[in-house]
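Student: I would be grateful for a close look at a single part of this model, followed outward into its surroundings. Please set it out as one connected account, beginning with any term that the account requires.

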Amino acid sequence: MKIYVIHENEEWSAPLFNRLEELGAPYENWNLSSGSINLQEEPPEGIFYNRMSASSHTRGHRFAPELTSAVLVWLEQYGRTVINDSRALRLELSKVVQYVELEKEGIKTPKTIVAVGKEPLFEASKAFENEPFITKHNRAGKGLGVQLFQSRAALRTYLDSDGFEEPVDGITLLQQYIESEEPYITRCEFVGGEFIYAVKVNTSDGFELCPADACSIENLYCPVGEEPSSKFVIDPTFSEPFIKDYKRVLQRNGIQIAGIECIKDKDGVFYTYDINTNTNYNGEAEERADQYGMLEIAKFLQKTVTHAKSCT
């Protein structure tokens, strides 16, 4: 009876493996960047933690989510315990699904239009006449593909340029730009379906917001001659009432581990715009706060596999 970790990124998963080893928890690395399964064979006994990423295609693993989808269906057919199950993967791979699920709980999301093709995209931008807006990919991650536009003319120039990024699933989202009083967003982290902490992420340098140490660009926030500031800072005071709504969204979608991102506009209104079921953590921020997300995940997985053993 083991913990099987399903993923496609060794760098992002190494911190979890280290924590599992610290606890002496039995685990196996299931890297599904490629592979095969026999549907007629039973899966091994154990619990299975799915941390497949929507951005896998940016690392050359275009079909890793599709393989993971097949594996999760196979595991669920045989009644195996899956942490972040096939419903969670569906949500991870589609911002559209995320927004619909958030709205079901009355959680405010930005005005969003879905489009496929450059001309339909440009036509849809009429809904944002005389106001700034952004584009983003439906299936993405780390904020990749996000562009800010002040006008439809700027969008036209982008669409006609070599810089236009075609989404991997063909779907581009047009979305209202939420301007906040301060240049940061907040990411709420959940483990075992429970809120563990919120981290403020500085957006001064753009929208690539991956907190993993492997993605760290901390040196950009250390100007010569000044005290270093941090892109990621854990905020122990964050306790908004909508956290309970976030928990219901996760529970309804088979998600035990996730990070949910929100932003507060100049009028104090919160908008939620991303659910990431392949959550990563920033080591420097956690050291400063003495809170450790991967350790919490490892403890949760160890507890879950221990319970599963007792039931066999």
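Tutor: Two strands are taken to pair if DSSP finds at least two bridges between them. With that term in place, please note that the model is predicted. The part chosen for the close look is helix α9, which runs over residues 293–310.

Helix α9 comprises 18 residues, and the distance from its first C-alpha to its last is 26 Å, close to the 26 Å expected at 1.5 Å a residue. Its buried residues are Gly-293, Met-294, Leu-295, Ile-297, Ala-298, Phe-300, Leu-301, Thr-304, Val-305 and Ala-308. In an α-helix there are 3.6 residues a turn, so residues three or four places apart point the same way. It remains to say what lies against the helix.

One neighbour of α9 is an open sheet. This sheet has 5 strands in the order β11-β10-β9-β12-β13, with antiparallel pairing. Its edges are formed by β11 (232–235) and β13 (270–276); each has a single partner strand, so one side of each is left without a neighbour in the sheet. On average, and with direction ignored, neighbouring strands of this sheet are turned by 30° against each other. Strand β10, residues 194–202, runs antiparallel to β11 and is joined to it by 4 bridges. Within this pairing, Val-201 has Phe-232 of β11 as its bridge partner. Helix α9 packs on the sheet by touching β9 (184–191) and β10, and its direction makes about 20° with that of β9.

A second neighbour of α9 is helix α1, residues 10–23; the two axes come within 9 Å and cross at roughly 55°. Angles under 35 degrees count as roughly parallel and those from 65 to 115 as roughly perpendicular. The two helices, α1 and α9, are therefore oblique to each other. The crossing of α1 past α9 is right-handed. On the α1 side the contact is made by Trp-12, Pro-15, Leu-16, Arg-19, Leu-20 and Leu-23, and on the α9 side by Met-294, Leu-295, Ile-297, Ala-298, Lys-299, Leu-301 and Gln-302. Several of these α9 residues also belong to its buried set, including Met-294, Leu-295, Ile-297, Ala-298 and Leu-301.

The partner helix deserves a description of its own. Helix α1 has 14 residues and spans 20 Å between its first and last C-alpha, close to the 20 Å expected at 1.5 Å a residue. Its buried residues are Trp-12, Ser-13, Leu-16, Phe-17, Arg-19 and Leu-20. Among these, Trp-12, Leu-16, Arg-19 and Leu-20 also take part in the contact with α9. The cover over the buried residues of α1 includes β1 (2–7), β2 (27–31), β3 (46–50) and, again, α9.

Ser-13, which lies in α1, is buried, with a relative accessible area of 1%. Apart from neighbours within four places in sequence, Ser-13 is in contact with His-7 and Arg-51.

We may now return to the approach to α9 along the chain. The loop between α8 (283–289) and α9 contains Asp-290. Although Asp-290 is not a glycine, it has a positive phi of about 55°. Asp-290 is exposed, with a relative accessible area of 57%. Asn-130 also has a positive phi, of about 65°, and is not a glycine. Asn-130 sits in the loop between α5 (118–124) and β6, and it is exposed at a relative accessible area of 77%.

The strand that follows this second loop offers a further example of burial. In β6, residues 133–137, 5 of the 5 residues are buried, so the strand is largely enclosed by the rest of the structure. Phe-133, Thr-135 and His-137 are buried on one side of β6, and Ile-134 and Lys-136 are buried on the other. Strand β6 pairs in the antiparallel sense with β7 (residues 147–149) over 3 bridges, and antiparallel with β8 (residues 171–176) through 5 bridges. Ile-134 has Leu-148 as its bridge partner in β7 and stands opposite Gln-175 in β8.

To return to the helix under examination: α9 packs on the sheet through β9 and β10, and its axis comes within 9 Å of that of α1.

Key: Residues are numbered from 1 along each chain as its sequence is written. This is a predicted model: local features need pLDDT of at least 70, side-chain atom pairs count only at pLDDT 80 or more; totals for chains, interfaces and linings use all residues. Side-chain values use heavy atoms; hydrogens and water are left out. The expected span of a helix is 1.5 Å times one less than its number of residues. Buried means under 20% relative accessible area, exposed over 50%, partly exposed in between (1.4 Å probe, protein chains only). Axes are lines fitted to C-alpha atoms, for helices over the stretch in contact, and angles run from 0 to 180 degrees between N-to-C directions. Contact means heavy atoms within 4.5 Å. Angles under 35 degrees count as roughly parallel, over 145 as roughly antiparallel, 65 to 115 as roughly perpendicular and the rest as oblique. A crossing is left-handed if the near helix is turned anticlockwise from the far one by less than a right angle, and right-handed if clockwise.
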